[in-house]
Amino acid sequence: MIIIGGVLLQLFQAITRKKGADESALGQPEQSKEFEFEDPELAERTRKIREEIQRKIAQRQRGGTAQETATVPEYAEEGSDTPPPLVREVIVSSPQPTPQLRSGSRIDAQRQAEILEQQAAWQEKLIEAKRMKESASKRTEFEEATADHSAAKRAATRSTVVGDLRSPEALRRAFILREVLGPPVALRK
């Protein structure tokens, strides 16, 4: 009776915890599955990159006369659920002639961002290819330096052994060594 009561109590607690989690999730906006990461560092880095791209797009749409940099101060409380306040520092530069904005400026900005990302990826591939080429050249240098140039030694040894077996005494010595050092007669095929 006591066991059944304990099981029912645990079931009830699990159901209430699930309802509480569902209610708290309803109060928060849902994020799409494609932006969820298991690694919190990767999620944070992705979020920062997205914010930076959105800020640059907004700046280009405004005309780009002022540079804005966003700084996020560290919180004293690590467990706080509220996001840190966003402090913006505005640096005014000399006025530049503003380009005339077309209706497709947002699309152009997105294309430029894509082109820049593609160029960065190509540059990374180029750097990696240079590293691979350098390591391959180092490896060939090492292999040439440590290569076994003993083909001549093997040929000389082979000719010495064949020459030794031509004499009857050396041939007898070889048979005796085979009997002593080889497998036992009972185990030979």
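Me: What pLDDT does the chain average, and how many of the residues score at least 70?

Reply: This is a predicted model, and pLDDT is the predictor's confidence in each residue, from 0 to 100. The chain averages a pLDDT of 76, and 68% of the residues score at least 70.

Me: Where in the chain is confidence lowest, and where is it highest?

Reply: The mean is lowest in strand β1 (residues 66–71), at 48, and highest in helix α3, at 90. Over residues 29–33 the pLDDT is below 50, and beyond near neighbours in sequence this stretch has one contact in the model. Residues 66–73 also stay under 50, yet the model has 25 contacts for them beyond four places in sequence.

Me: In what order do the elements of the chain run?

Reply: The chain has five helices and two strands. From the N terminus on, the order is α-α-β-β-α-α-α. Of the contacts with a separation of 6 or more, 27% are between residues 24 or more positions apart.

Me: What share of the residues is buried?

Reply: A residue is called buried when its relative accessible area is under 20%, exposed when it is over 50%, and partly exposed in between. By that rule, buried residues make up 5% of the 189 residues in the chain. The accessible surface comes to about 17700 Å², of which 58% belongs to carbon and sulfur atoms.

Me: How should one judge the geometry and the setting of helix α5?

Reply: Length can be compared with an expected span. The 14 residues of α5 (residues 168–181) should span 20 Å at 1.5 Å a residue, and the end C-alpha atoms are 20 Å apart, which agrees. As to setting, one of the 14 residues of α5 is buried, so this helix lies largely in the open.

Me: Which residues make a nonpolar surface patch?

Reply: Ile-3, Val-7, Leu-11 and Ile-15 make a nonpolar patch of about 390 Å². Ile-15 is found in helix α1 (residues 2–27). Because its relative accessibility is 42%, Ile-15 counts as partly exposed.

Me: Why do residues three or four places apart in an α-helix point the same way?

Reply: An α-helix has 3.6 residues a turn, so residues at that spacing point the same way. Helix α2 (residues 40–62) offers a case: Arg-55 and Glu-52 are three residues apart there, about one helical turn. Their side chains meet in a salt bridge, at 2.4 Å from N to O.

Me: Are Arg-55 and Glu-52 buried or partly exposed?

Reply: The partners fall into separate classes. Arg-55 counts as buried, with 15% relative accessibility, whereas Glu-52 is partly exposed at 33%.

Me: Which salt bridges are found in helix α3?

Reply: Glu-128 forms a salt bridge with Arg-131, the closest N and O atoms being 3.7 Å apart. The two are three residues apart in α3 (residues 105–146), about one helical turn. Glu-128 is partly exposed at 39% relative accessible area, while Arg-131 is exposed at 55%. Lys-138 and Glu-134 also meet in a salt bridge, at 3.4 Å from N to O. Both lie in α3, four residues apart, about one turn of the helix. Glu-134 is partly exposed, with a relative accessible area of 46%.

Me: How many salt bridges does the whole structure have, and which residues are linked in a network?

Reply: A search of the whole structure finds six salt bridges. Glu-44, Arg-47 and Glu-51 are linked in a network of such bridges.

Technical notes. Residues are numbered from 1 along each chain as its sequence is written. This is a predicted model: local features need pLDDT of at least 70, side-chain atom pairs count only at pLDDT 80 or more; totals for chains, interfaces and linings use all residues. Side-chain values use heavy atoms; hydrogens and water are left out. Patches are made of residues with over 30% relative accessible area and no salt bridge: like charges are joined within 9 Å, nonpolar side chains (Val, Leu, Ile, Met, Phe, Trp, Tyr) within 5 Å. Accessible areas come from the Shrake-Rupley method with a 1.4 Å probe; for residues, only the protein chains shown count as cover. A salt bridge is a side-chain nitrogen of Lys or Arg within 4 Å of a carboxyl oxygen of Asp or Glu. Buried means under 20% relative accessible area, exposed over 50%, partly exposed in between (1.4 Å probe, protein chains only). The expected span of a helix is 1.5 Å times one less than its number of residues. Contact means heavy atoms within 4.5 Å.
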